Amino acid sequence: MTMKKTLIAAALVLSAGATSSVFAQKQTPPAPGPAKSFEVPTPARFRLDNGLEVSLVPYGTVPKVRVELAVLAGNAYESAKQTSLADLAGNLMREGTATKSATQISQAAARMGGSLDVNVSANATEISGDVLSEFGPEMARLVADVALHPKFPESELPRLKADSLRQLSIAKTQPQQMALEKFRGVLYPDHAYGRVFPTPEMVQGFTLADVRSFYDENFGAARAHLYVAGRFDRAAMEAAIREAFGGWKAGKPSNLQAPSPKSTRTVYLVDRPGAVQSTILLGMPVPDPSNPDFIPLSVVNTLLGGYFSSRITANLREAKGYTYSPFSQVSTRYRDAYWAEQADVTTNVTGPSLKEIFYEIDRLQAEPPSADELKAVKNYMAGVFVLQNSSRSGIINVLELVNLHGLPADYLKTYVQRVNAVTAEDVQRLAKKYIDDEKATIVVVGDRKVIEEQVKPYGTIAP
């Protein structure tokens, strides 16, 4: 090494050492300010004679508007032999109407400065477009055309089914999806919520008649809610909605039955021979959003595993180094919810990871959190709520949540206050009441020959 290179190397070492010293000195961040309540204009609501509910929300300063139609026609309305039929129907709806081809739909939406999308979830099919404000009424008419007059071109059916089969083959190799399929199947053995994936034979067997039958059974004005959020001319928008949707038939009422989830302390192993990681999905049923305990329970979830500074994350990631990003959530559907922790851990620490997850649950049940820890959690939740709902799509998402679950009209305006009202004693009480160890369904996807002995202490292993 030359003298010049030696000096440069030495300088780099000294520089690195100085930098490390600077970053090693932890500085206390300034205290956060008080959380602000979330303010949004009260939606103007009206109902058409056919039963269609409409909510108009003037929001923001950007000259754009989002139009979204939510119809109670999601995967929950499929029979046991129809899993994913709602998705196929939604994809076909995007392929053309009685008067427009798929290309013409795309071109029309693009000319308005946006696009038209169809999304299928557990409970709803959503048809939406986000466009420049001046085209709001025209987008409402385009959404109505797609919803009311789908052509369902048979020529596109083979391609869409082939796409579904490709996506299915990929999903069935992903350990997280494998864990979810098993977990939902255990919790909801006799309900559509428990059916995550179709079989290849099921997809191959779908016909255009099946799609049309699903549409006829589930689409109608009385099961739909139209949301408009952003900047728009109220009179022009309402006139366009009444004209475009007024002739839609009411359709058949929703017949969805609430599930009766089942969960006991049992371990379900899904074998992935040779896997270097295990995917853990552990959880149990909890109250849905219509229950007064839901928001306080959300605080419990956030503290346990719902954000990067949560207890389980700090334990598994920071203290033990078992995994990079474990997380928990309260997953919701109509009249249903469950709490679940998911973690992808190194195979040889599968058992120890379960031990630490249950340790953190038991610790929270044994003693309430400190005032500082709880304050940090509540500030985080309040901030995320405001950020998530500070957009046209965010506003519509939360309004859809409110309507689906029959929540109070002031839910938006009082959410932050209700989060801040949760006490440490509430957290401990609800952890005891709902995060019940003895009701934990435990799914582990991994190399069975390596992990079976590790997981035996944590529950009966299902055959």
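Let me start with Pro41, which touches Val57, Pro58 and Tyr59 once residues up to four places away in sequence are left out of the count. This proline sits in the loop between helix 1, residues 3-24, and strand 1, and, as everywhere in this talk, I am describing a predicted model. If you look at the C-alpha atoms of Pro41 and Pro58, you will find them separated by 6.8 Å, although the two residues are 17 residues apart along the chain. Is Pro41 buried, exposed or partly exposed? Its relative accessible area is 36%, and because buried means under 20% and exposed means over 50%, Pro41 is partly exposed.

Now let us step back to the whole chain. The protein chain has 17 helices and twelve strands, and its C-alpha trace spans about 75 × 60 × 55 Å along the principal axes. Of the 463 residues, 51% are buried, and the chain exposes about 21,800 Å², with carbon and sulfur atoms supplying 54% of that area. When we take the contacts with a separation of 6 or more, residues 24 or more positions apart account for 81% of them. As for charge, there are 50 positive and 48 negative side chains, and the centres of these two sets lie 2 Å apart.

With that background, please turn to helix 9, which covers residues 234-245 and gives us a small calculation to check. Its twelve residues, at 1.5 Å a residue, should span 16 Å, and the end C-alpha atoms are indeed 16 Å apart, so the expected and computed values agree. Which residues of helix 9 are buried? They are Met237, Glu238, Ala240, Ile241, Ala244 and Phe245. These residues cover an arc of only 160 degrees around the axis, and therefore they lie on the same side of helix 9. The face turned away from that buried side carries the exposed residues Ala235 and Glu243. If you would like to see what covers the buried residues, look for strand 1, strand 2 and strand 3, and also for helix 4 and strand 6, all of which are included in that cover.

Helix 14 can be checked in a similar way. Its 14 residues should span 20 Å at 1.5 Å a residue, and its end C-alpha atoms are 20 Å apart, which agrees. The buried residues here are Arg392, Gly394, Ile395, Ile396, Val398, Leu399, Glu400, Val402 and His405. Just after helix 14 comes Gly406, whose phi is positive, near 65 degrees.

Helix 15, residues 411-420, has Tyr411, Leu412, Tyr415, Val416 and Val419 as buried residues. Why do we place them on the same side of helix 15? The reason is that they cover an arc of only 135 degrees around the axis. The cover over the buried residues of helix 15 includes helix 10, helix 13 and, from the previous part of this talk, helix 14.

Since helix 10 has come up, let us look at one of its residues, Leu303. At 1% relative accessibility, Leu303 counts as buried, and, leaving out residues up to four places away in sequence, it touches Ser310, Arg311, Leu364, Pro369, Glu373 and Val377. By contrast with that list of contacts, we can also take a pair separated in space: Leu303 and Ser169 are 36 Å apart, C-alpha to C-alpha, and 134 residues apart in sequence.

Another buried residue is Thr350, which lies in helix 12, residues 350-366, and which has 0% relative accessibility. Apart from its neighbours within four places in sequence, Thr350 is in contact with Ser278, Ile280, Val345, Val444, Ile451, Gln454 and Val455.

I will finish with two residues in loops and their backbone angles. Ser84, found in the loop between strand 3 and helix 2, is not a glycine and yet has a positive phi of about 80 degrees. Its relative accessibility is 17%, so Ser84 counts as buried. Phe152, in the loop between helix 4 and helix 5, is likewise not a glycine, and its phi is positive at about 50 degrees. With a relative accessible area of 3%, Phe152 is buried as well.

Definitions and conventions:
Residues are numbered from 1 along each chain as its sequence is written. This is a predicted model: local features need pLDDT of at least 70, side-chain atom pairs count only at pLDDT 80 or more; totals for chains, interfaces and linings use all residues. Side-chain values use heavy atoms; hydrogens and water are left out. Helices (H or I, at least four residues) and strands (E, at least two) are DSSP runs, numbered from the N terminus. Buried means under 20% relative accessible area, exposed over 50%, partly exposed in between (1.4 Å probe, protein chains only). Contact means heavy atoms within 4.5 Å. Accessible areas come from the Shrake-Rupley method with a 1.4 Å probe; for residues, only the protein chains shown count as cover. Lys and Arg count as positive and Asp and Glu as negative; His and the chain ends are not counted. The place of a charge is taken as NZ of Lys, CZ of Arg, CG of Asp or CD of Glu. The expected span of a helix is 1.5 Å times one less than its number of residues. The arc is that of the directions from the helix axis to the C-beta atoms.
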